[in-house]
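Welcome, and thanks for taking a look at this model. Have the sequence and the 3D view open side by side as you read.

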Amino acid sequence: MSPRLERLVSVAAALFFGLFFVLPIWGTLRAAFVDPAGGHTLAFVGEVFRHPLYREGLVNSFLIAVLSTLGCLMLALPLAVAYVRYTFPGRTLCNSLLLTPLILPPFVGALGVQAMLGQAGALNSLLTGLGLISAERPIDWLGEGRLAGVVLMNVLHLYPIVYLNVAASLANLDPALEEAAANLGCPPWRRFWRITLPLTLPGLFAGAAIAFIWAFTELGVPLIFDYARVTSVQIFSAIKDLNDNPFPYALVVVLLFFTTLFYALGRLALRGDWSGGGGRATTARTPVALAGARGWLCAAGFLGVIALALLPHAGVVLMSLAGDWYRTVLPQPLTLAHYRGALGHELTLTAIANSLKYASLATLLDAVLGVAVAWAVVRGTTRWRHWLDTLAMLPLAVPGIVMAFGYLALSREGQPLHGLMLGEDPVLLLVIAYAMRRLPYVVRSAAAGLQQVSPALEEAAQNLGAAPLRALWRITLPLVAPNLLAGGLLAFAFAMLEVSDSMILAQQTVTFPITKAIYTLASALGDGPAQAAALGVWSMLFLTLTLIAAGLALGRRLGALFRA
């Protein structure tokens, strides 16, 4: 790759990130610290901590994040250890099924959980029928204020991300270290706590950090559970009052500050020789075969977690089929009318068309940017290519609600991004927002493909007179097409089901994407929640097919796209 072309790609990528990543964050920071007279002030941010309602929202968000992260670790760590160290019946199938929570947005799954665990839900109806509880005094399984329900949905959705990171970290450890400890008489549990766990902390932290930040800033699940006393919902509720109210900006700044602080503290905690001494395995680890009852017991543990994770999916499917589901164990009667209604409803037809348009344009933008950035990082020689790689990964660390709020704030009249608003149509904003959030998937998949293609092929084409871009187009891109297809499919699928950007940026009914339509239907009376569930099932099937297609293209490398 020529230095001139590399500089051009780097500058173009830096401009894009400067305009659509740094500028929205900077605009929000500026509005939170500037008073009406134009002077600098800390009063707005200080009021967030003094106001009891805002303070309660922060405390609840922090509590949800801590409990969700601990729950993910409790599920993911034992499963990752068992998968890496042992073979047992159905091992490969169990590993694949553990990713099933990723095929359903958690706020859609919350609809099914409400139907099953609500006070008039299926579980209480079952216990009442068995005579274990009284119908007049049902158990509130989701907890007062629905905090427990939010934590449950976060755990069931996020544990695969922690699992993938921990499993990758364990697989990369040198087994010779554990063997040396065993030869010195160290028992298995002590080896795990003193050798294995410290060496896997970087991977453990990587997955836990994503789970913590996601849970801390989650918007969709609290909205479905009508749990308003969290910071993300408070920000969402204040977006209609941005012109003269600085407190939404202050809330976003505080949210961004805490997510950055938690990430930085975790990185500091991992600074030390003991956290990085494992290196990459010099010899392959041979899993130990668990025969008989032990093998089936291990498989049962995996299947138990998978069954628990599938509860929201089952609830959504049953709710979409429910003629009536109130104080009964199963819906009575069953009907397919909600599926026809979901696809025939004026709101959903428009929303599906909008999502297809937004996601397709965002994926096209991601493909161009992703290939350019990956090419500069993998084939480049200048020292700033590592900074470019870091910059491309930053959208994974910044909460989606922060970026969406920044876009909304800077697209108002007189603001730098107002030109992106086509009247009342936020199509350009949504396309850029979707593309920015999912660009890391395309960059990683394209980089993985380029690393597997020898640069000698491009050099040979250039020696025969082909320009660098022609060599890339005719030689390299066809060879990395499966990787680009997989990354593009994931970017497209997750853009179709994006929550934060859709909920905040789409304000008019005619511009609603699918997720905003599902939320609107879930809040409606009559058949609205059932139609929302049916639309969620259609979305679930769509994402399932997309993940299968991406898996066929990438094979075992698919999991690397979800690792930090």
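What follows is a short tour of helices, core packing and charged pairs.

Please keep in mind throughout that this is a predicted model.

**Helix H5 and its surroundings**

A good place to begin is helix H5, which covers residues 106–117. How far apart are its end C-alpha atoms, and does that agree or disagree with the expected span? At 1.5 Å a residue, the 12 residues should span 16 Å, and the end C-alpha atoms are 15 Å apart, which agrees.

H5 is also mostly covered, with 11 of its 12 residues buried. Among them are Pro106, Phe107, Val108, Gly109 and Ala110 towards the start of the list, as well as Val113, Met116 and Leu117.

Pro312 is a residue to look at alongside H5. Pro312 sits in helix H14 (residues 311–321) and, at 3% relative accessibility, counts as buried because the cut-off for that class is under 20%. Along the chain, Pro312 and Ala110 are 202 residues apart, yet their C-alpha atoms are separated by 6.7 Å. Beyond its sequence neighbours up to four places away, Pro312 touches Gly109, Gly112, Val113 and Met116, together with Leu104, Met153 and Leu156. Of these, Gly109, Gly112, Val113 and Met116 are buried residues of H5.

**The nonpolar cores**

In soluble globular proteins, nonpolar side chains tend to be buried together. Here the largest nonpolar core holds 159 residues. Which of its members touch the most other members? They are Phe20, Leu98, Phe107, Tyr163, Phe225, Phe302 and Tyr407. Phe107 brings us back to H5, where this residue is buried.

Tyr163 is worth a closer look. Leaving aside neighbours within four places in sequence, Tyr163 is in contact with Ala76, Leu79, Ala80, Tyr83, Asn95, Leu98 and Phe302. There is also a second, separate core of 11 residues, which includes Val371, Ala447, Val453 and Leu477.

**Charged pairs**

Side chains of opposite charge can pair when their charged atoms come close. How many salt bridges does the model have? The count comes to five, and the table sets out three of them.

| Basic residue | Acidic residue | Closest N to O distance |
|---|---|---|
| Arg50 | Glu47 | 3.4 Å |
| Arg229 | Glu56 | 3.2 Å |
| Arg437 | Asp501 | 3.8 Å |

The pair of Arg50 and Glu47 is a local one: both lie in helix H2 (residues 43–50), three residues apart, or about one turn of the helix. Arg50 has 52% relative accessibility and counts as exposed, while Glu47 is partly exposed at 25%.

The salt bridge between Arg229 and Glu56 has another setting. Arg229 lies in the loop between helix H10 (220–224) and helix H11 (231–237), and Glu56 is in helix H3 (residues 52–85), so the pair ties together parts that are 173 residues apart in sequence. Arg229 is partly exposed, with a relative accessible area of 45%, and Glu56 is partly exposed as well, at 28%.

Now to Asp501 and Arg437, whose side chains meet in a salt bridge. Asp501 belongs to helix H23 (residues 500–505) and Arg437 to helix H19 (residues 427–452), so this pair ties together parts that are 64 residues apart in sequence. Are these two residues buried or exposed? Asp501 is buried at 0% relative accessibility, and Arg437 is buried at 16%. A network of salt bridges links Arg437, Arg438, Glu498 and Asp501.

**More packing details**

Helix H3, home of Glu56, also holds Thr69. Thr69 is buried, at 9% relative accessibility. Not counting neighbours within four places in sequence, Thr69 is in contact with Ala208, Ala211 and Phe212.

For a helix pair, turn to H16 (residues 346–379) and H17 (residues 385–393), which pack at an angle of about 145 degrees with their axes 8 Å apart. Their crossing is left-handed. H16 contributes Val373, Ala376 and Val377 to the contact, and H17 contributes Arg385, Leu388, Asp389 and Ala392.

The last stop is Phe542 in helix H25 (residues 528–554). Phe542 counts as partly exposed at 26% relative accessibility. Leaving aside neighbours within four places in sequence, Phe542 is in contact with Phe492, Ala493 and Met496.

Notes:
Residues are numbered from 1 along each chain as its sequence is written. This is a predicted model: local features need pLDDT of at least 70, side-chain atom pairs count only at pLDDT 80 or more; totals for chains, interfaces and linings use all residues. Side-chain values use heavy atoms; hydrogens and water are left out. Helices (H or I, at least four residues) and strands (E, at least two) are DSSP runs, numbered from the N terminus. The expected span of a helix is 1.5 Å times one less than its number of residues. Buried means under 20% relative accessible area, exposed over 50%, partly exposed in between (1.4 Å probe, protein chains only). A nonpolar core is a set of buried Ala, Val, Leu, Ile, Met, Phe, Trp, Tyr and Cys residues joined through side-chain atoms within 4.5 Å. Contact means heavy atoms within 4.5 Å. A salt bridge is a side-chain nitrogen of Lys or Arg within 4 Å of a carboxyl oxygen of Asp or Glu. Axes are lines fitted to C-alpha atoms, for helices over the stretch in contact, and angles run from 0 to 180 degrees between N-to-C directions. A crossing is left-handed if the near helix is turned anticlockwise from the far one by less than a right angle, and right-handed if clockwise.
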